[in-house]
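Trainee: Could we go through this model together, one question at a time? I would like to follow the reasoning and not just the results.

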Amino acid sequence: MNNTLLGKDLVSVDNLTQSDLKLIFAKTIEMQELAQTKGGDRRLAGKIMAALFFEPSTRTFSSFITAMQRLGGGIIPLNGMTNTSIEKGESFEHTVRVFSVYADCLIIRHPLKGLPLQACQYSKVPVVNAGDGTGEHPTQAIFDTFTIFQRFPTQKELVISLVGDLKNGRTVHSLAKLLAKTGILIHFNFISPKILEMPEDIVRSVSLYNQHISVTDNLAKKIAESDVIYMTRVQKERFKNLIEYNLIKNYYQLSKKMLAKSKKDVLIMHPLPIAAGEISADLDNDPRSIYLTDQLQNGLYVRMALLDLILRK
Amino acid sequence: MNNTLLGKDLVSVDNLTQSDLKLIFAKTIEMQELAQTKGGDRRLAGKIMAALFFEPSTRTFSSFITAMQRLGGGIIPLNGMTNTSIEKGESFEHTVRVFSVYADCLIIRHPLKGLPLQACQYSKVPVVNAGDGTGEHPTQAIFDTFTIFQRFPTQKELVISLVGDLKNGRTVHSLAKLLAKTGILIHFNFISPKILEMPEDIVRSVSLYNQHISVTDNLAKKIAESDVIYMTRVQKERFKNLIEYNLIKNYYQLSKKMLAKSKKDVLIMHPLPIAAGEISADLDNDPRSIYLTDQLQNGLYVRMALLDLILRK
Amino acid sequence: MNNTLLGKDLVSVDNLTQSDLKLIFAKTIEMQELAQTKGGDRRLAGKIMAALFFEPSTRTFSSFITAMQRLGGGIIPLNGMTNTSIEKGESFEHTVRVFSVYADCLIIRHPLKGLPLQACQYSKVPVVNAGDGTGEHPTQAIFDTFTIFQRFPTQKELVISLVGDLKNGRTVHSLAKLLAKTGILIHFNFISPKILEMPEDIVRSVSLYNQHISVTDNLAKKIAESDVIYMTRVQKERFKNLIEYNLIKNYYQLSKKMLAKSKKDVLIMHPLPIAAGEISADLDNDPRSIYLTDQLQNGLYVRMALLDLILRK
């Protein structure tokens, strides 16, 4: 397969084609095999990945630096980017240009939507968006999609319920857009409190592919029909008004009991961390729950795949 | 020798047998040889060690990440674990489960006693306790024991004085328990202010092996007979009451003068850092002092040995 | 060429000879070739570099850890050194001695002038000064000098204007001293506000080599004659008096317009970060500006060269 990702930026799922996805998924399976047998190898030896997290993270940060090192590459691990040149007054452009001289790719997380895209203009090396404010989180969307397709490899139609803060959750933005163009028929349930509904532009994007959309705030009603229930955290850090946050943080709390009428092979997913009981602990070890197992594991394999595809000639 | 540590947790010295120790010490000598000739090699290439330090550290943290890299492995270096998913409300269980998906082993330091043990229940990969509150510090105890035995290879009897905050010092808890079961006769001097005496359970543990214990607050009286004088810092961070801390922080201050009648080959040891003059600077370069030389160096070799034994089939 | 840097400290440019420089420059060209073709190799495998930054940094820190990893070495990345043994009360001497047991070299940045030099007394392994207060920044001086000589390989005479805070700027201290002894005739312009003039000892050092020095606060007048205009940031963190800082922070602001009468191949350099408009953004992509291109890139190559020379037998 022609490596269409070589040397490319990945800031949004918008530019990913079905054939890109096919390429990434094939490479992901190769990486899974590699990780499970030998842990890794030295294919990216001599290469450096700068992890520039302007907003601190644990999971995504650790997942990327693990992926790079499993392939023999080196890291510039800057989680938080405090006490830096930026505090001395340096522009975002200069910071990006500097790291693009040191490293072979930049993994950027930023609290402001659009900054990773902006970084692409400044950088000489590929930029990967690791989450930008309420914008996108394309690598998460890719491994979530991989996970769903690995579990339902032959299905031509899926009911996928996205639940929680659909307004601010970048994960569900990227995921909805990416799933929409995978070539199979998706019945989306966008389930959120009224004030946290999926943004218009995401809805439009999904509609372009003639996918079905149902909008509701009633999770219970949608459980029985779902193939995937994708829960999300109401992200405190996105609220300016904490009163509003407190009113809705416990809006959805998925429990074993609520799943009584679910399909037997429904997938319970979550981008983690689970912070306010949006999935009750009694589901952590339920076979339907894959947020602490497959979903997480695939995150590592997909990031290994992406680094290999983007960086290795 | 059969590798009894492969894939095992190491959270307490309690489960270590004499034969485990023998295995670790043999491997440590191999590592010493490797480090002194080539620096390291690539035997753990493709493997990842997550250093999850919920309580910040410099020395232990750096020693572990050095050990892993000298053997070719990769690292997730999280010193402090601030600004993390935990702050977003994630449970300790989830954090542990997440990292056990990314990494091949977890090195955990935690301010609360017992948390590394708890982590073993959640983790799919081996957990090593790098110090838990007033609990244990098994890797330190192992290299302290290695250091003592390397210096006194043929002695059948040793007088070992543990000095300072024996109540809160996890290092001396692990060390006393481990030394007690090495198969030679130990005369322990537990030397501390009354309010910082060795906890009952440690005393009981040591007594099980019929070792001699003498309890006193008088360091001067015990110097002449000691083969090892193991000084410890009164740890400010363990005191709720700072008035109490200030009263006793300078209780013991070992100086060259006090050692006038010591045995010629007595070992002055300390787990570092030395913070309140508990060993005076005039001893730093004394041949009897090994806290900045052998003891420290062996810490690196023992940790290399443990990582190799636990991780490599 | 005999490797005169093997196992040596590098804390000041004072001890560097012309032949050392020749050696470093030859190795730098080798590293440039290596980095541009293969990214790096494994020549420092098994070696560990401790980056002990007592004053936080982004650029220098990242540049060093990148250089080490491109050559296959491991890192102890301590940027900021907060929450450490030092906070528990450990002496600088002990901290240095500890890391010199773990690592094969120490890269030290410190807010106090002279501390890296002091570290040499304590350390068993080579110490590299990565910037000490208002003191020196020798690695920056080396790659700045390399950059100038690469651009003017045959010139026997150069006009070099150092501009900005010459009093507190360690970069220009090291650079002036190093350029002075390269064996070609330098006409220095030391351009600064009266209160930020180049320190006497640096001026004396430069004069020893019979170089020409002109002191002025007028940048405009010196532009036409300059081969190199080396701008520096007025460093807020060096001022005790912020009123003074605010008065002069915008003293020099180099713009395209001001360069109307410059030589065609003048080099605009800056150690970065640019923080208060001392170079206007319209110059960032001007062919005369090399602070975001050659100068930065050479920093990486020179640090790779130095690590290789100092560490590899």
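Mentor: Happy to, and let's begin with how the copies relate. Chain A can be laid on chain C with an RMSD of 0.0 Å by a turn of 120° and a shift of 0.0 Å along the axis, where copies are superposed by least squares on the C-alpha atoms of residues with pLDDT of at least 70 in both. This is a predicted model, in which local features need pLDDT of at least 70, side-chain atom pairs count only at pLDDT 80 or more, and totals for chains, interfaces and linings use all residues. Residues are numbered from 1 along each chain as its sequence is written, while chains are lettered from A and ligands numbered from 1 in the order in which they are written.

Trainee: What relation is that turn of chain A onto chain C?

Mentor: The superposition combines a turn of 120° with a shift of 0.0 Å along the axis. The relation is therefore that of a three-fold axis.

Trainee: What share of the contact residues of chain A recur in chain C?

Mentor: Two residues are in contact if their C-beta atoms, placed from the backbone, lie within 7 Å. By that rule the copies use different surfaces, and the recurring share is 5%.

Trainee: And which turn lays chain A on chain B?

Mentor: The fit has an RMSD of 0.0 Å, and the shift along the axis is 0.0 Å. Here too the copies use different surfaces, with 4% of the contact residues of chain A recurring in chain B. The turn is 120°.

Trainee: Which element gives the most to the side of chain A that touches chain B?

Mentor: The contact takes 25 residues from chain A and 21 residues from chain B. On the side of chain A, the elements giving two or more residues are α2 (59-70) and α9; helices (H or I, at least four residues) and strands (E, at least two) are DSSP runs, numbered from the N terminus. With seven residues, the top contributor is α2(A).

Trainee: How many residues on that side of chain A are nonpolar?

Mentor: Ala, Val, Leu, Ile, Met, Phe, Trp, Tyr, Cys and Pro count as nonpolar, Asp, Glu, Lys and Arg as charged, and the others, Gly among them, as polar. Nine residues on that side are polar and five are charged. The nonpolar residues number eleven.

Trainee: Which strands stand at the edges of the open sheet in chain B?

Mentor: Four parallel strands form this sheet in the order β2-β1-β3-β4, and two strands pair if DSSP finds at least two bridges between them. An edge strand has a single partner, so one side of it is left without a neighbour in the sheet. The edge strands are β2 (74-79) and β4 (127-132) of chain B.

Trainee: What angle does α2(A) make with β2(B)?

Mentor: Axes are lines fitted to C-alpha atoms, for helices over the stretch in contact, and angles run from 0 to 180 degrees between N-to-C directions. Within the sheet, neighbouring strands are turned by 10° against each other on average, direction ignored. The helix α2(A) packs on this sheet, touching β1 and β2 of chain B, and its direction makes with that of β2(B) an angle of about 155°.

Trainee: Which residue in β3(B) stands opposite B:Leu52?

Mentor: Strands β1 (residues 48-53) and β3 (residues 105-110) of chain B run parallel and are joined by five bridges. The residue opposite B:Leu52 is B:Ile108.

Trainee: Is β4 (residues 127-132) of chain A mostly buried or exposed?

Mentor: A residue is buried if 20 or more other C-beta atoms lie within 10 Å of its own, exposed if 12 or fewer, and partly exposed in between, with C-beta atoms placed from the backbone. In β4(A), six of six residues pass the first cut-off, making the strand mostly buried.

Trainee: Which elements do the buried residues of α6(A) pack against?

Mentor: In helix α6 (residues 170-180) of chain A, eleven of its eleven residues are buried, including A:His173 and A:Lys177. Their packing partners in chain A are β4, α5 (138-151), β5 (157-163), β6 (185-191), α7 and β8 (228-231).

Trainee: Where is A:Asn210, and is this residue buried or exposed?

Mentor: A:Asn210 has a positive phi of about 60° although it is not a glycine. Its place is the loop between α7 (200-207) and β7 (212-216) of chain A. With 9 C-beta neighbours inside 10 Å, A:Asn210 counts as exposed.

Trainee: Which peptide bond of chain A is cis?

Mentor: Its omega is near -5°, and its proline lies in the loop between β9 (267-269) and α9 (294-311) of chain A. The cis bond runs from A:Leu272 to A:Pro273.
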